[in-house]
Amino acid sequence: MYRCPECAGALEPRYALTGMVRHDHPDPEQVYFDLLPLTSRDFLDSGVTVRTPCRPAPRLGEAIGVPGLWIKDESQQPTRTTKDRLASLVTAVLRQFGVKEFVGSSTGNSSTALARAVRMDPTMQAWFFCGKDFVANHDIPDDSRTVLTVVDGSYVDATAEARRYAAAEDIHLDAGFFNWARREGLKLAYLEAFDAMDRTPDVVVQAVSSGMGMLAAHKGAREYLAMGELSHMPAFLMVQEESCAPAARGWQEGRTELSDVHRIENPRGLATAILLGDGAPYYRYLHSIAADTGGAIVSAARPDLVTARRMLSELEGIDVCYASAAAIAGVRDRAAAGLIRPDETVLVNLTGRSRMVDGL
């Protein structure tokens, strides 16, 4: 069950937070097993993810007016994005429930990561759907166990077709944003980051489409705060590309819900990983996190994404995708406006790098 049967809202696992132990293991899921929704370690496959570095970024921080900048580099995951973390937990939870076949959709990174995880388990099979504009974002070998179907439409259209196919063939449907296993996997990037830092961040930043990574981060922060691992709750800053920013527009207008006027039928932009035109199903969760933590949902312009990506490469030696660059651009804009102080510690999750040659 992925959604509440009464209100259709997002569900999340809860844990007894006393006695949590970080286990010595190369796999992040084994390290933080006590904070995962699994009854046995045997459900986990080894090597689906790796532990990634989190470090200060002083040169970039000085350049954008945030001396206390820290960066979490998820581009070092096997498929180059943080989505490997969700793939590890999704497949583990499916094994726990005896599910060996499923249907899913994405703009590229999630399906690519899930396909790799499926190929590591010879008993699993997956059917993936994507919109025609996102084919190049996928790296999925077309074989009998990982099949990619291209839909003549957007990500929303591909998701609808995936839902129809799952129902017609009676195959389990991955719930995307509402799949709590996805969010529990993504959470581990932040637990690693919090453990690597010598202080609690004042601001946590990530680029978002549906924002499930921010829900994951917020849940991890709540758990660590309850356990005494953080001294305070950080403010959560979410960034979208200006050309496809329904959540940022809704936040700027002071809305708690999005309507049809905020929908973007044919999203375009450099940050292809976060081009989600319909944010209505997810916006209230993002709004709640931003409002409750003193954060915000903002957008960054195309030229600022290009500049931020170049600065990351030149000053910190990290090559990221434009979605990751959007997060840095958002921080730079907020600092320039005086909305992030020079004495604040800012943690930016660089969610990945591109698997294709990006055009300007």
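This report describes two sheets, several helices and a few single residues in a predicted model.

## The six-strand sheet

Six strands make an open sheet. Their order is β1-β2-β10-β7-β8-β9, and the pairing is mixed. Strands β1 (54-56) and β9 (296-300) are the edges, each pairing on one side only. From one strand to the next, the twist averages 25°.

At the β1 end, β1 and β2 pair in the antiparallel sense. They share 3 bridges. Arginine 55 stands opposite isoleucine 71 in β2.

## Strand β7 and its neighbours

Strand β7 covers residues 203-207. Buried means under 20% relative accessible area. By that cut-off 5 of the 5 residues of β7 are buried, so the strand is largely enclosed by the rest of the structure. In a regular strand the side chains alternate between the two faces of the sheet. In β7, Val203, Val205 and Ala207 point one way. Val204 and Gln206 point the other way. Residues on both sides are buried.

Strand β7 pairs with β8 (residues 235-241) in the parallel sense, over 5 bridges. Valine 204 stands opposite phenylalanine 236 in β8. Between the two strands the chain passes through helix α7 (residues 212-226). This β-α-β crossover is right-handed. Strand β7 also runs parallel to β10 (residues 345-350), joined to it by 3 bridges. Here valine 204 stands opposite leucine 347 in β10. Valine 204 therefore has a partner in β8 and another in β10, and it is buried as part of β7.

## Helices α6 and α7

Two packed helices are described by the angle between their axes and the distance between the axes. The axes of α6 (residues 180-196) and α7 come within 8 Å. They cross at roughly 55°. That angle makes α6 oblique to α7. The crossing is right-handed.

Many residues take part in this contact. On the α6 side they include Arg182, Leu186, Tyr190, Leu191 and Phe194. On the α7 side they include Met212, Met214, Leu215, Ala217 and Tyr224. Charged residues also belong to the contact, among them Glu184 and Lys187 in α6 and Lys219 and Glu223 in α7. Helix α6 also lies across the six-strand sheet, over β1, β2, β7 and β10. It runs at about 145° to β10.

## The four-strand sheet

A further open sheet has 4 strands in the order β5-β4-β3-β6, with parallel pairing. Its edge strands are β5 (146-151) and β6 (172-173), and each pairs on one side only. Strand β3 (residues 101-105) runs parallel to β6, and 2 bridges join them. Valine 103 has leucine 173 in β6 as its bridge partner.

Helix α5 (residues 155-169) packs on this sheet. It touches β3, β4 (125-131), β5 and β6. Its direction makes about 160° with that of β3.

## Loop residues

Two residues other than glycine have a positive phi. Arginine 80 has phi near 80°. It lies in the loop between β2 (68-73) and α3 (83-96). Arginine 80 is partly exposed, with a relative accessible area of 36%. Aspartate 170 has phi of about 55°. It lies in the loop between α5 and β6. At 72% relative accessibility, aspartate 170 counts as exposed.

Threonine 81 lies in the loop between β2 and α3. Threonine 81 is buried, with a relative accessible area of 2%. Arginine 310 is 229 residues from threonine 81 along the chain, and their C-alpha atoms are separated by 19 Å.

## Alanine 300 on an edge strand

Alanine 300 is found in strand β9, an edge strand of the six-strand sheet. Is alanine 300 buried or exposed? At 0% relative accessibility, it counts as buried.

Which residues touch alanine 300, leaving aside neighbours within four places in sequence? Val239, Gln240, Glu241 and Glu242 are among them. So are Leu305, Ala326, Ala329, Gly330 and Asp333. Alanine 117 is 183 residues away in sequence, and 33 Å separate the two C-alpha atoms.

Key: Residues are numbered from 1 along each chain as its sequence is written. This is a predicted model: local features need pLDDT of at least 70, side-chain atom pairs count only at pLDDT 80 or more; totals for chains, interfaces and linings use all residues. Side-chain values use heavy atoms; hydrogens and water are left out. Buried means under 20% relative accessible area, exposed over 50%, partly exposed in between (1.4 Å probe, protein chains only). Two strands pair if DSSP finds at least two bridges between them. A crossover is right-handed if, with the strands pointing away from the viewer, the path from the first strand over the helix to the second runs clockwise. Axes are lines fitted to C-alpha atoms, for helices over the stretch in contact, and angles run from 0 to 180 degrees between N-to-C directions. Angles under 35 degrees count as roughly parallel, over 145 as roughly antiparallel, 65 to 115 as roughly perpendicular and the rest as oblique. A crossing is left-handed if the near helix is turned anticlockwise from the far one by less than a right angle, and right-handed if clockwise. Contact means heavy atoms within 4.5 Å.
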